[in-house]
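Welcome, and please open the structure in your viewer. This tour tells you what to select at each stop and what you will find there.

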Amino acid sequence: GLASFVLLLTAATQRLWRATAQGRARAATHAATLAAALAGMLMVGLVDSLFDMPRATFQALLLLMMALALPRALKTAAVAPPMPPARAAPGPAKV
């Protein structure tokens, strides 16, 4: 269990580091935010057991999965065509 958690954390950290190093503003901002959240989670884990609290465990695993999916999500968003502008709703009928 510990080895898989360390491997998962290492993979997430590497992906966040690469996304930050690419220099794109959007990717760097999201990656830095997720890295700070993971660092905070690990700091709490130094003094308290995260895995004794189900909500904190869910949040920790959710942050790790988001960190692992971040580069793929940003590539998908960059390739997706922009949405067409929304049309204004028709106003009230004039009499």
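In which helix does V44 lie? Select V44 and you are in helix 2. V44 counts as partly exposed because its relative accessibility is 39%; buried means under 20% relative accessible area, exposed over 50% and partly exposed in between, with a 1.4 Å probe and protein chains only. Now add A56 to the selection: the two residues are 12 apart along the chain, and their C-alpha atoms are separated by 9.9 Å.

A word on what you are looking at: this is a predicted model, in which local features need pLDDT of at least 70, side-chain atom pairs count only at pLDDT 80 or more, and totals for chains, interfaces and linings use all residues. Residues are numbered from 1 along each chain as its sequence is written, and side-chain values use heavy atoms, with hydrogens and water left out.

**The whole chain**

Zoom out and show the cartoon. The protein chain has 3 helices and 0 strands, in the order α-α-α along the sequence. Helices (H or I, at least four residues) and strands (E, at least two) are DSSP runs, numbered from the N terminus. Of the 95 residues in the protein chain, 21% are buried. Among contacts with a separation of 6 or more, 69% are between residues 24 or more positions apart; a contact means heavy atoms within 4.5 Å.

Switch on the surface next. The accessible surface of the chain comes to about 7,400 Å², and carbon and sulfur atoms hold 70% of it; these areas come from the Shrake-Rupley method with a 1.4 Å probe, and for residues only the protein chains shown count as cover.

**Helix 1**

Select residues 2–21, which make up helix 1. Its 20 residues should span 28 Å at 1.5 Å a residue, and the end C-alpha atoms are indeed 28 Å apart. The expected span is 1.5 Å times one less than the number of residues.

Colour L9, A12, L16 and A19, which are buried in helix 1. Looking down the axis of helix 1, you will see these buried residues within an arc of 90 degrees, so they line one face of the helix; the arc is that of the directions from the helix axis to the C-beta atoms. An α-helix has 3.6 residues a turn, so residues three or four places apart point the same way. On the other side of helix 1, pick out A3, L7, W17, R18 and A21, which are exposed.

**Helix 2**

Move to residues 25–47, helix 2. This helix has 23 residues and reaches 34 Å from its first C-alpha to its last, close to the 33 Å expected at 1.5 Å a residue. Its buried residues include A28, A31, L34, L38 and M41. A27, also in helix 2, counts as buried because its relative accessibility is 2%. The C-alpha atoms of A27 and L16 are separated by 8.9 Å, with the two residues 11 apart along the chain.

Finish this helix at V47, which is exposed at 76% relative accessible area.

**Helix 3**

For the last stop, select L61 in helix 3, residues 54–79. L61 counts as partly exposed because its relative accessibility is 36%. Add F5: the pair is 56 residues apart along the chain, and the C-alpha atoms are separated by 9.5 Å.
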